[in-house]
Amino acid sequence: MKKTLAIFAHPYFEYSTTNVELVKAYESSGQLTFRDLYEEYPDFHIATFKERKRIREYERLVFHFPLIWFGLPPLLRLWIDEVFDMSWKAENENDHPLMNKDAVIIVTIGAKEENYQRDGLYKTTIEELMKPLSLCLEVTGIEVKEIIAVYNSDDLEEPQLKQITQKIIKTLETS
């Protein structure tokens with residue numbers, strides 16, 4: 001397994017039984033560091049240089065968050081805006097610290113999968129909604145390996161949670 005940094009952003013983590021279970025997938029790896037942005041930055045004052053220094057140590061980034069109003073949680077959006085500032089990339093265009101890393105996006109969604117189809121209720125897909133994040137990563141030299149969408153996350157039963165947790169573990173071990 002690649003040395004991995006899991007960047008978790010859920011503003012109401014303690015109320016999300018699904019995410020409480022899913023983050024357990026990270027516990028089995030000695031190569032993974034778990035960071036909860038809302039716990040680390042409750043005041044939204046991000047230590048940008050500390051985050052940039054931290055990222056250098058990892059080969060893979062995992063972005064794990066709930067879909068909020070068809071997008072990223074506000075603190076994750078701010079974290080990306082500040083940490084992935086393009087001036088950082090421009091300083092050393094050929095060898096900046098984000099080059100040659102990969103990423104996995106894990107997004108939990110309260111609605112059913114059929115709602116996120118072109119002919120569904122919202123007339124869009126999760127892949128389309130994740131395009132801004134994917135593009136931010138790709139522009140900085142990070143390859144998005146997989147998007148794991150966890151639909152109906154408010155109503156998942158234990159067997160479904162175990163299956164998704166196993167999928168996350170397998171993705172982290174093989175990608």
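This is a walk through one predicted model, from a central strand out to the loops and the charged pairs.

Before setting off, note that residues are numbered from 1 along each chain as its sequence is written. Because the model is predicted, local features need pLDDT of at least 70 and side-chain atom pairs count only at pLDDT 80 or more, while totals for chains, interfaces and linings use all residues; side-chain values use heavy atoms, with hydrogens and water left out.

Let us begin at strand S1, residues 4–8. Helices (H or I, at least four residues) and strands (E, at least two) are DSSP runs, numbered from the N terminus. Five of the five residues of S1 are buried, so the strand is largely enclosed by the rest of the structure. Here buried means under 20% relative accessible area, exposed means over 50%, and partly exposed lies in between, with a 1.4 Å probe and protein chains only. Look at the two faces of S1 in turn: Thr4, Ala6 and Phe8 are buried on one side, and Leu5 and Ile7 are buried on the other.

Which strands pair with S1? Strand S2 (residues 32–36) runs parallel to S1 and is joined to it by five bridges, and strand S3 (residues 60–66) also pairs with S1 in the parallel sense over five bridges. Two strands pair if DSSP finds at least two bridges between them. To find these pairings on screen, start from Leu5, which stands opposite Thr33 in S2, or from Thr4, whose bridge partner in S3 is Arg60.

Arg60 deserves a pause. This arginine belongs to strand S3 and counts as buried, at 0% relative accessibility. Arg60 and Ile142 are 82 residues apart in sequence, yet their C-alpha atoms are 8.6 Å apart in space.

Following the chain onward from S3 brings us to Trp69, in the loop between S3 and helix H4 (74–83). Trp69 is exposed, with a relative accessible area of 77%, and its phi is near 45°, a positive value in a residue other than glycine. A second residue with that feature is Asn152, whose phi is near 55°. Asn152 sits in the loop between strand S5 (142–150) and helix H8 (158–174), and is partly exposed at 24% relative accessible area.

The unreviewed UniProt entry carries the annotation "transmembrane region" for residues 61–80. UniProt positions are given in the numbering used here, feature names are shortened, and annotations may be inferred rather than shown by experiment. What does the model show over residues 61–80? The chain there is 35% helix and 30% strand, and the end C-alpha atoms are 12 Å apart.

Trp69 also contributes to a nonpolar surface patch of about 500 Å², together with Phe70, Leu121 and Tyr122. Patches are made of residues with over 30% relative accessible area and no salt bridge; like charges are joined within 9 Å, and nonpolar side chains (Val, Leu, Ile, Met, Phe, Trp, Tyr) within 5 Å. The areas come from the Shrake-Rupley method with a 1.4 Å probe, and for residues only the protein chains shown count as cover. Tyr122 lies in the loop between S4 and H6 and is partly exposed, at 32% relative accessibility.

That loop, between strand S4 (101–108) and helix H6 (126–129), also holds Asn115. Is Asn115 buried or exposed? Asn115 is buried, at 18% relative accessible area. Leaving aside neighbours within four places in sequence, Asn115 is in contact (heavy atoms within 4.5 Å) with Gly120, Leu121, Tyr122, Lys123 and Thr124.

Finally, turn to the charges. Side chains of opposite charge can pair when their charged atoms come close. The structure holds twelve salt bridges, each a side-chain nitrogen of Lys or Arg within 4 Å of a carboxyl oxygen of Asp or Glu. In one of them, Arg118 meets Glu128, with the closest N and O atoms 2.4 Å apart. Arg118 lies in the loop between S4 and H6 and Glu128 in helix H6, so the pair ties together parts that are ten residues apart in sequence. Arg118 is exposed at 61% relative accessibility, whereas Glu128 is partly exposed at 27%. Elsewhere, salt bridges that share partners join Arg35, Glu40, Lys50, Glu51 and Arg54 into one network.
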